[in-house]
Amino acid sequence: MLRTSLNNPDEFTFTYELVAGRGCCGRQIEQLLEFACAAKADGRIKALSVTDNPGGSASLAPVAIGEELLKLGIEPLIHFSLKDKNRSQIVSHIYLYQRLGLRSLLVMGGDFPNSGYCGQARPVFDVDSIQTLQLMREMESGQQPGGCVLSREQPQLRLFKGCVVSPFKATEAEQVWQYVNLLRKVRAGADFIVSQLGFDLRRFEELMLFLQREQIRLPVLANVFIPSLATARAMAAGKVPGVLLAQELTAQMEQEAAAGHSRARLDRAAAMLVRLKRMGCQGVHLGGSALRFEEVSYVLDRFAQWEQASELPDVVCDFSVQNTWSFFCRRENGELTETPLQPGCKSGRAQLPAFSQHLLFSRQTWISKLFGRFCRFCAKGERRATALTLLERTVKRLLFQCRMCGDCTLSHSAFLCPQSGCPKRLTNGPCGGSRFGFCEVHPSRRCFWVRVYECLAPQTTLRSLANQPHLPPKDWALEKTSAWINFFSK
Ligand code: SF4
């Protein structure tokens with residue numbers, strides 16, 4: 001069982017990622033099930049994860065493969081991505097997985113939807129991964145969403161919930177947000193952590209140091225991906241959201257391909273495994289481009305052989321991307337220390353709106369009290385309410401490009417509007433898809449949350465960000481109504 005294996009300090013856990021692809025049957029699915037049979041017979045891989053519409057493209061739902069894996073006797077780890085699910089779908093999927101006995105879920109936002117039937121699907125992202133973890137925890141404690149009551153014979157829900165984090169971000173803002181979100185995910189009830197895939201061992205080490213600093217003892221699965229040359233080229237060119245791959249690694253793989261060293265990438269992965277185990281990771285989440293089980297088995301054999309040796313294997317497996325920010329820096333005496341944070345290089349932009357916010361919405365100033373009475377007075381008459389809504393729309397559209405969601409969160413994002421600024425409309429922090437500070441969806445635009453970081457107060461710390469209350473999902477019944485009236489009517 002994955003839970004038992006990950007929580008056993010004497011065990012180093014292996015999981016492997018399966019990608020089902022399109023269609024309900026065919027060669028790809030047969031190969032995937034052959035892989036699962038071989039993994040079961042081998043016994044070293046403790047769970048097989050199944051992707052959920054990877055790359056934002058519609059593919060076979062992970063539950064189909066999950067059921068097959070259960071029948072084969074190997075534990076499925078279902079990717080639970082939120083790009084295509086609203087809160088009702090999330091709850092119904094939880095019930096479905098409970099019924100089928102699929103307990104291990106890896107909760108993540110997921111890639112932006114790709115082009116599909118008659119164009120691109122509308123992205124959902126109704127609930128973020130932290131809110132989903134909170135919802136799952138509430139359901140595990142017996143509470144049902146919306147206060148509904150279930151019959152007594154319902155079994156208690158028990159999930160094993162994973163969360164994801166990227167330690168590989170290139171800029172300070174992106175990396176700080178990743179760790180802020182990680183702290184929130186842990187608080188929201190995550191049971192284990194899976195990293196983004198990467199090839200920079202120093203960054204894996206930073207993640208482990210960060211967890212140590214925060215006294216987080218959740219098991220970590222480091223994501224080791226074994227790319228083909230074509231995939232490595234795509235990753236280096238930025239075609240895989242959130243993934244950075246150094247040009248040096250592509251160059252090395254080109255040389256290996258020219259020399260016919262087909263096993264070099266497997267040796268590199270095995271060498272990474274040895275180093276990751278020595279860093280304190282509890283296991284490794286393996287993946288790769290069209291790998292056969294024999295190849296994965298070769299990696300695990302090599303790892304077992306090298307792990308026993310006193311010296312590290314003589315294989316270069318650490319590839320840092322140049323000019324990236326690091327959370328820890330090394331002093332002259334060799335000691336690692338935290339890099340001082342520098343948020344708020346444009347903090348002046350948020351000062352006037354923050355002052356106005358305090359004046360009008362703090363409920364403490366006489367102006368705020370008066371404004372509140374005025375809003376409640378307007379709420380009582382249809383025409384007055386319409387006039388106030390029109391005024392609010394004009395002012396906020398002009399100043400903040402407001403979309404009138406009716407449930408305003410401007411003050412939580414340095415007075416930049418996530419409804420118009422972030423394509424995933426995330427209200428609590430960024431996704432993991434940005435690259436070098438630019439947005440996953442619109443690579444020519446800077447990530448909305450990087451811009452927010454620049455507008456924060458300069459004294460903001462990682463901890464103060466992490467301790468900010470996590471906003472609940474939006475109430476879409478309020479859309480197009482006045483957020484001013486809604487605020488003062490609570
Ligand atoms: S703006 Fe940032 S958080 Fe929003 S979708 Fe783009 S990369 Fe993700």
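Leaving aside its neighbours within four places in sequence, which residues is A173 in contact with? This is a predicted model, in which local features need pLDDT of at least 70 and side-chain atom pairs count only at pLDDT 80 or more, while totals for chains, interfaces and linings use all residues. Residues are numbered from 1 along each chain as its sequence is written, and side-chain values use heavy atoms, with hydrogens and water left out.

A173 is in contact with V450 and Y453 once those neighbours are set aside, where contact means heavy atoms within 4.5 Å. A173 belongs to helix α6, which covers residues 172-187; helices here are DSSP runs of H or I with at least four residues, strands are runs of E with at least two, and both are numbered from the N terminus. Although A173 and Y453 are 280 residues apart along the chain, their C-alpha atoms are separated by 5.9 Å. A173 counts as buried because its relative accessibility is 6%, buried being under 20% relative accessible area, exposed over 50% and partly exposed in between, with a 1.4 Å probe and protein chains only.

The protein chain as a whole is divided into domain 1 (2-308) and domain 2 (347-489), with bounds that come from an automatic or database domain assignment. The centres of the two domains, taken over C-alpha atoms, are separated by 33 Å, and 39 residues of domain 1 are in contact with 32 residues of domain 2.

We turn next to a pocket. The second largest pocket has a volume of about 690 Å³, and of the 31 residues that line it, the closest to its centre are Q357, F361, K396, C408 and L410. A pocket is an open set of points on a 1 Å grid over the protein atoms alone, where a 1.4 Å probe fits and protein lies on both sides within 12 Å along at least five of seven lines, and lining residues have an atom within 4 Å of a point; the volume is the space filled by probe spheres set on the points, which are joined across faces, edges and corners. Helix α12 gives the most to this lining, with six residues.

Two residues that are not glycines have a positive phi: N53, at about 45°, and R363, at about 65°. N53 is found in the loop between β2 (45-50) and α3 (62-72) and is buried, because its relative accessible area is 15%. R363, in the loop between α12 and α13 (366-379), counts as partly exposed at 37% relative accessibility.
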